[in-house]
Amino acid sequence: MVGVRGLVVLLVAVLGFAATFFVSQTLKTEARQGWQLEATKTAESLSNNLLGWLEESYAPISGLAALAENSDVLSESEFLNAFDNLEARATAFFLEAAAIVEAIPDTEIGSWQIKYSTDPGGLLSNGTPLAETPGIHDAVRAAKARTGEIILNRPVAHADGTTVSPIALSTFTHAGEVVIIGLVDYRALIRGRKDLRLPGGADVRITGRCPVAGGPGPERQVVDSGVAAPLFSVPTRTVTAGAELIISWDFDAGFSGGPPTDLSTLALISGLAGTAFVTLLLFFLMHQNQTVTLRVEAATREVRANEARFRGIFETGAAGMALLDMQGTYVQANQRFCEITGYSEAELKTMTWRDLTHPDDIAAVEAADQRVETGEIADFFMERRMIRKDGSVIFTNLSSAQLRGEDGASSNIFSFVQDITTLKEAERAVRENEKNLRELLDSGPIGIGVVDQETDERLFVNQHLAEMMGAGSAEELTSANLAESYVNAEDVAKIREVIAAGGTVRNMEVERRRRDGSTFWALQSSQKLGSFQGRDARVVWMVDVSELKRAQAELSHQKAIIDTALDNMSQGITMFDGNLNLVALNDRFIELLDLPEELGEVGTPLATFFRYNAEQGEYGAGDIDALVEERMELARKFEAHQFQRVLSNGRIIEVKGQPVEAGGFVSTYADITETVEAQRGAKLLSEALDTFSDMVILYDKDEKVIFTNDRYHEIYPNSPPKDEITNYTMEDLMRRSLDAGLIDNPLAKSDPEAWLAQALANRRSEDGGSGETTHQNGRTYFFRYGWTTEGGMILVQFDITERKEAEEKLRQLSEEIAAKEAQLRMALDTMPGAMWLVDEDMKLVFANDQYVEFYGDPEGVVKPGASMPDIIRREAESDLLGRDGDAEARVEERIVSYQSSEPS
């Protein structure tokens, strides 16, 4: 019996010890599980907040991309203002910086640079080639590989060692493909995390795989944890902006004091000190109690965890959330819902959803709610207009579902609301922009089309291109074969090849064929457009330049006529191009101004003429460079000019110049010494304007007459008397002359009002002007007008009828002289003997055909200006001068004979 008791006692003792240790370990495990559950709940809430902040920090990238897509030309100020506006509206964290990136023109494919940036001194400095910042460059390449998606890329380091992650979005604008890029500042996220009173003993580490151009990149450390030896870690795997992130929260004993062990230690001590019976009984009771307690606590923890999770999501969600009873009255609302509606939660609890819904949308919501009530659908999603507290109407997306109890009966209604007013306004703006763009394209003066890069099928044409190609409508041209519209098939192949290689066709001149078979010349440009209607496409701009081609041909013909006229003019003439280089001149110009012949070479800069004159003292004393530059500044204005110049030899030259449309100007030079000297005896410069031979009229800044001289009234006898004319304007006087038939102009006769409008527009030109006009009496006048310093206008006009007649007579005389020179040349060429003429410098002036035929000229050296000694030496070497004596002696003998007065 004793042995049995001992065994029983021993068994009780063993069971007591075992029970004690079991209870102790069970309590320790339960405490650790409770501590881990609290850590898990904390980690989930912190991860949700951190992920929300991360996504909100780069959400503005979409807004900047929409701005770039909808802007014809995005300026730097618009980009910076948009960034500032988005930052002002941010509710949590924002980008450290943002920039717009574009391809570098005329470089290899893949070369990018930053165009605009909010970070001029950092990683996103303006104009920085991205090849110098590999981390940013990788982000651009990854975004280009997934156009239209926001891409979160691997972290990059600032100069101070802090890290940021590039966020990139590739999109297309009117100017081509661009990439919007921003920098997510992890320092701000970490500071924000600590600002939310992060519990002690907890810290975060983030690892992730960020996308690259060829796919997912390697796993990298993004943020390192401050917990060296964590007791427990809670990882959360998520995908955001194309990146796979693992957000892990590490906890050590500093979190909530660590797992509680006091109860397990007490149980161990009390169990060892108790009796086997008490131990056994206590063990039995504790075991039963433990089972019940664990079940109750497990259920309680699950309820609390679910409630905490729901509360965290409900309170910190970016969208509005509300709980309603089955009568539609608000029971609970989160902060975002209150911000959307403008009401506080207390005010909402006194209202129903109908109070906030626009009257026109109530019926649609009730119909959807009825379908949920009948079980036809579990929930619904729809667009609803809401009325805010301030009376304004906003657009929202409404998602609604009924919450049911265990018995299946509906207990509450859960509503999820997002404010989409800004999105609706943006959609409306996009539609309006698309409408305006289409109207602009159809009404523009340039033909525009979009072509499939592979098949050459037209995908879009504007109305102007259809009209240019002779099609009745844009649809008719879209269905027509593109290749048949090119006269040279190689042109379309060349365009496709250039675009496929990533290049741009600029101002390519091509011949095109209209629908009726007629052809025309076009100046065509093209570049890659990217995806259009889901197809790889190129855009084409085209301008009809047929008239320009015809004008160029006519210009060539006119040039030939001018070249002939230059050689026969009695006046000196020069023509300088837009770069102020000599294009043409005649010998009379060199003769009149007594210039060295070497200045008469085509291509001589105008500045060379000015410098020569300045060095000869023609412009007076002063610095040579300053005198030249002063005249070059006047010449660069390309204005009509007329002035008289007194040469150092006393001769007076009248210079008249007119700009030409192609650039440059033409000037004539006439010796008017005798005319000026005759005028000086009859009139002094100090005489009043009434004795001035030219007509003068002066207007004030309002175009009202303030002065006319007597000559004006002689030329315009129908004008008002001199004492009344100051009551008239420039338009009044021009209309009087027009009504009196004094204007001998075809347009003035066919459409007087059109002529008047054109004449007034010319007069009002800021640069002034000059020209010629012929009156009904047959007289021709030269006029010049310009602006006074007070803003008025002065117009001078003088009669050039006799000069025009003299110029015509000189032209006819020049033609007669040219004809006689041709006859004389023919007579000399047909003479039976050789004839030649040399000047005093032994330069050949003329040799007839018999001379060339007799002496031979296989090298073509016998021509005006050639050295006669060289020609004689060639004859001696060919034995044409005989073989007696030294050849050089024979040459010298012949030269001496030519220079003597005696014939040989």
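Here are a few short exercises, with worked solutions, on the predicted model shown above.

**Exercise 1. A salt bridge between separate elements**

Task: Find the closest N and O atoms of Glu618 and Arg645, and work out which parts of the chain this pair ties together.

Solution:
- Start with the distance: the closest N and O atoms of Glu618 and Arg645 are 3.9 Å apart, and the pair forms a salt bridge.
- The cut-off for a salt bridge is 4 Å.
- Next, place the partners. Glu618 sits in the loop between α18 and α19, while Arg645 belongs to strand β23, so the salt bridge ties together parts that are 27 residues apart in sequence.
- Finally, check the surroundings: both Glu618 and Arg645 are buried.

**Exercise 2. A pair within one helix**

Task: Determine how Arg735 and Glu731 are placed in helix α22, and whether each is buried, partly exposed or exposed.

Solution:
- Arg735 and Glu731 form a salt bridge, with their closest N and O atoms 3.3 Å apart.
- Because they are 4 residues apart in helix α22, about one helical turn separates them.
- Partly exposed covers the range between 20% and 50% relative accessible area. Arg735, at 28%, is therefore partly exposed, and so is Glu731, at 30%.

**Exercise 3. How two helices cross**

Task: Describe the packing of α22 against α24.

Solution:
- Two packed helices are described by the angle between their axes and the distance between the axes.
- For α22 (residues 730-739) and α24 (residues 752-763), the angle is about 140° and the axes are 11 Å apart.
- That angle makes α22 oblique to α24.
- To complete the description, the crossing of α22 and α24 is right-handed.

**Exercise 4. Positive phi values**

Task: Look up phi for Asp456 and Glu703, and locate each residue.

Solution:
- Keep the background in mind: most residues other than glycine have a negative phi.
- Asp456 has a positive phi of about 65°. This residue is in the loop between β16 and β17, and it is buried, with a relative accessible area of 11%.
- Glu703 also has a positive phi, near 65°, and lies in the loop between β26 and β27.

**Exercise 5. A nonpolar surface patch**

Task: Name the residues that form a nonpolar patch with Ile446, and place Ile446 in the chain.

Solution:
- Ile446 joins Trp541 and Val543 in the patch, and together they have about 210 Å² of accessible area.
- Ile446 is in the loop between α12 and β16.
- With 35% relative accessibility, Ile446 counts as partly exposed.

Note on methods: Residues numbered from 1 in each chain as written. Predicted model: local features only at pLDDT ≥ 70, side-chain atom pairs only at ≥ 80, totals over all residues. Heavy atoms only, no water. Patch = residues over 30% accessible without salt bridge, like charges linked within 9 Å, V, L, I, M, F, W, Y side chains within 5 Å. Areas by Shrake-Rupley, 256 points an atom, 1.4 Å probe, with all protein chains shown as cover. Salt bridge = Lys/Arg side-chain N within 4 Å of Asp/Glu carboxyl O. Buried < 20%, exposed > 50% of the residue type's maximum accessible area, 1.4 Å probe, protein only. Axes fitted to C-alpha atoms, helices over the stretch in contact; angles between N-to-C directions. Parallel < 35°, antiparallel > 145°, perpendicular 65-115°, else oblique. Left-handed = near helix turned anticlockwise from the far one by under 90°.
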